[in-house]
Amino acid sequence: MERPYTEEELRQQLQFLDNSNPVWQSISQIIKTAIDNSIDCALTDGISQDDRTWRSGYAQAMRDVESTLNNYRKDPSKKV
């Protein structure tokens, strides 16, 4: 198994994922769909409070992933 990237290496690797890159567009669409589906499910009638809480937390976690990726892509000097 290869060693994990350092934070600096991650930033360098993700720099090519600008908004016009089809790989980034695909990743972004998957993340946004996961967020939307989780929110829709959390707002559904008949769902238990535990499930609603879990779905809301999942949506927030996905937003955090999206934000972290954007920070790596757009600002190589910013600490995450």
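Colleague: How do you know that the span of helix H3 agrees with its number of residues?

Modeller: In this predicted model, helix H3 runs over residues 49-74, which is 26 residues. The expected span is 1.5 Å times one less than that number, so H3 should span 38 Å. Its end C-alpha atoms are 37 Å apart, and the two values therefore agree.

Colleague: Which residues of H3 are buried, and what covers them?

Modeller: The buried residues are Ala59, Met62, Glu66, Asn70, Asn71, Tyr72 and Arg73. Their cover includes helix H1 (7-14) and helix H2 (22-42).

Colleague: Why is Glu66 called buried?

Modeller: The word applies under 20% relative accessible area. Glu66 has a relative accessibility of 14%, so Glu66 counts as buried.

Colleague: What makes the contact of Lys32 with Glu66 a salt bridge?

Modeller: The rule asks for a side-chain nitrogen of Lys or Arg within 4 Å of a carboxyl oxygen of Asp or Glu. For Lys32 and Glu66 the N to O distance is 2.6 Å, so the pair satisfies the rule. Lys32 lies in helix H2 and Glu66 in helix H3, so this salt bridge ties together parts that are 34 residues apart in sequence.

Colleague: Why is Lys32 called partly exposed?

Modeller: That class lies between the 20% limit for buried and the 50% limit for exposed. Lys32 has 42% relative accessibility, and therefore counts as partly exposed.

Colleague: How many salt bridges does the rule give?

Modeller: The count is three. Among them is the pair Arg11 and Glu7, at 3.0 Å from N to O. Both residues lie in helix H1, four residues apart, about one turn of the helix. In an α-helix there are 3.6 residues a turn, so residues three or four places apart point the same way.

Colleague: Are Arg11 and Glu7 buried or partly exposed?

Modeller: Arg11 has 5% relative accessibility, which is under 20%, so Arg11 counts as buried. Glu7, at 30%, falls between the two limits and therefore counts as partly exposed.

Colleague: Why is Arg3 called exposed?

Modeller: Its relative accessible area is 55%, which is over 50%, so Arg3 is exposed. The side chain of Arg3 also meets that of Glu9 in a salt bridge, with 2.7 Å from N to O.

Colleague: Where in the chain is confidence lowest, and where is it highest?

Modeller: Confidence is lowest in H1, with a mean pLDDT of 88, and highest in H2, at 95. The mean for the chain is 90, and 92% of its residues reach 70 or more.

Note on methods
Residues numbered from 1 in each chain as written. Predicted model: local features only at pLDDT ≥ 70, side-chain atom pairs only at ≥ 80, totals over all residues. Heavy atoms only, no water. Helix = DSSP H or I, 4+ residues; strand = E, 2+ residues; numbered from the N terminus. Buried < 20%, exposed > 50% of the residue type's maximum accessible area, 1.4 Å probe, protein only. Contact = heavy atoms within 4.5 Å. pLDDT = per-residue confidence, 0-100.
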